[in-house]
Amino acid sequence: MESPSWLHCHSELAALRLSVVLPGSGDRVARLGRAQRIGYDQPLREGAVAGQTVRLVTVERIAGRELWVQPATFRDLWPLARLQRRCFEPRHAYSALALLVLWVWPGVRLLVARVGDELVGCIVGDQRNGHARVLNLCVRPDWRRRGVGSVLLAALERECDAELYTLMVEDKNAPARALYRRFGYVPVAEIRHYYGRNRHGVLMQKRRGERPSWPCT
């Protein structure tokens, strides 16, 4: 992933009709007729009209509303840091500085999930050669158990398209472990006290082709 330039890290659009390029859509374009706040995470491609095109990773319908998944923008980093503090203990939550480092680091994917103007989740992963890691997945507490985590995980896997996927999860985090099992991840090792005293980490992995058909429920 190329690091965006500081000079074009973000552009806000409001009360405009926007052309949104959908993944795998070819020439198909969805028209949005309502006001949106949408940012760029990369320079405009040649031939694009300034301020009118944004890349979406996926759009899904969740609880009767549209959930948009797209790469994080620079201005997302501080709200993401607040989201991290809502989801994790302070020592396990990514700070704004840590998120900034991840945002510019080659090979890292930082995706956000939005419902309207609300940021409801994020996922962080990285990839090197044919190996991808899921580093962090968080969903706002009031949006949990609605499928947001499944949408984010599927989106990251499509973005990485690796041969091998690995992740670490706390042994007592039953909902997260169940989600990963539904996606085909299997435990391969336990790391004692990884998350603190008597809080062990479970290393899980899967290989390409072991994932179930989307969508996962």
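Two residues are said here to be in contact when heavy atoms of theirs lie within 4.5 Å. With that meaning fixed, the structure shown above, which is a predicted model, can be followed from its overall arrangement to the pairing of its helices and then to individual side chains.

The chain is built from 4 helices and 10 strands, and from the N terminus onward these elements follow one another in the order β-β-β-β-α-α-β-β-β-α-β-α-β-β. Of its 217 residues, 45% count as buried. Among the contacts with a separation of 6 or more, 62% are made by residues that stand 24 or more positions apart in the chain.

The pairing of helix 1 with helix 2 is a convenient place to begin. Helix 1 covers residues 77-87 and helix 2 covers residues 96-104, and their axes come within 9 Å of each other while crossing at roughly 125°. Angles of 65 to 115 degrees would count as roughly perpendicular and those over 145 as roughly antiparallel, and helix 1 and helix 2 are therefore oblique to each other. The crossing of these two helices is right-handed. On the side of helix 1, the residues that take part are Leu77, Trp78, Leu80 and Ala81, and they meet Ala96, Leu99, Leu100 and Trp103 of helix 2. Sorted by character, the residues of this contact comprise 8 that are nonpolar, with no polar and no charged residue among them.

Helix 1 also contains Cys87. This cysteine is classed as buried because its relative accessible area is 16%, where the limit for that class is under 20%. Once the neighbours within four places in sequence are left aside, Cys87 is in contact with Cys138, Val139, Arg140, Pro141 and Arg144. Leu137 lies 50 residues from Cys87 in sequence, while the C-alpha atoms of Cys87 and Leu137 are 9.5 Å apart in space.

From here the account turns to charged side chains. Side chains of opposite charge can pair when their charged atoms come close. With a salt bridge taken as a side-chain nitrogen of Lys or Arg within 4 Å of a carboxyl oxygen of Asp or Glu, the model holds 14 salt bridges. One of them joins Asp76 to Arg114, with 2.6 Å between the closest N and O atoms. This pair links distant parts of the chain, since Asp76 belongs to the loop between strand 4 (65-71) and helix 1 whereas Arg114 belongs to strand 5 (residues 108-115), 38 residues apart. Asp76 is buried, because its relative accessible area is 6%, and Arg114 is likewise buried, because its relative accessible area is 11%.

The salt bridge between Arg91 and Glu89 has its closest N and O atoms 3.7 Å apart. Here Arg91 counts as exposed because its relative accessibility is 60%, whereas Glu89, at 35% relative accessibility, counts as partly exposed. Salt bridges also link Arg65, Glu118, Arg140 and Asp142 in a network, and Arg140 has already appeared as one of the residues in contact with Cys87.

A further salt bridge is formed by Glu163 and Arg208, whose closest N and O atoms are 3.1 Å apart. It too connects distant parts of the chain, for Glu163 sits in the loop between helix 3 (148-160) and strand 8 (164-170), while Arg208 is in the segment after strand 10 (199-207), 45 residues apart. Both partners are partly exposed, Glu163 with a relative accessible area of 46% and Arg208 with a relative accessibility of 37%.

The loop between helix 3 and strand 8 also holds Asp161, which is partly exposed, with a relative accessible area of 44%. Not counting neighbours within four places in sequence, Asp161 is in contact with Gln127 and Arg208. Gln127 is 34 residues from Asp161 along the chain, and their C-alpha atoms are separated by 9.1 Å.

Strand 8 itself contains Thr166, which counts as buried because its relative accessibility is 10%. Apart from residues up to four places away in sequence, Thr166 touches His131, Ala132, Arg133 and Val134, and its contacts also include Tyr185, Leu203, Met204 and Gln205.

Terms used:
Residues are numbered from 1 along each chain as its sequence is written. This is a predicted model: local features need pLDDT of at least 70, side-chain atom pairs count only at pLDDT 80 or more; totals for chains, interfaces and linings use all residues. Side-chain values use heavy atoms; hydrogens and water are left out. Axes are lines fitted to C-alpha atoms, for helices over the stretch in contact, and angles run from 0 to 180 degrees between N-to-C directions. Angles under 35 degrees count as roughly parallel, over 145 as roughly antiparallel, 65 to 115 as roughly perpendicular and the rest as oblique. A crossing is left-handed if the near helix is turned anticlockwise from the far one by less than a right angle, and right-handed if clockwise. Ala, Val, Leu, Ile, Met, Phe, Trp, Tyr, Cys and Pro count as nonpolar, Asp, Glu, Lys and Arg as charged, and the others, Gly among them, as polar. Buried means under 20% relative accessible area, exposed over 50%, partly exposed in between (1.4 Å probe, protein chains only).
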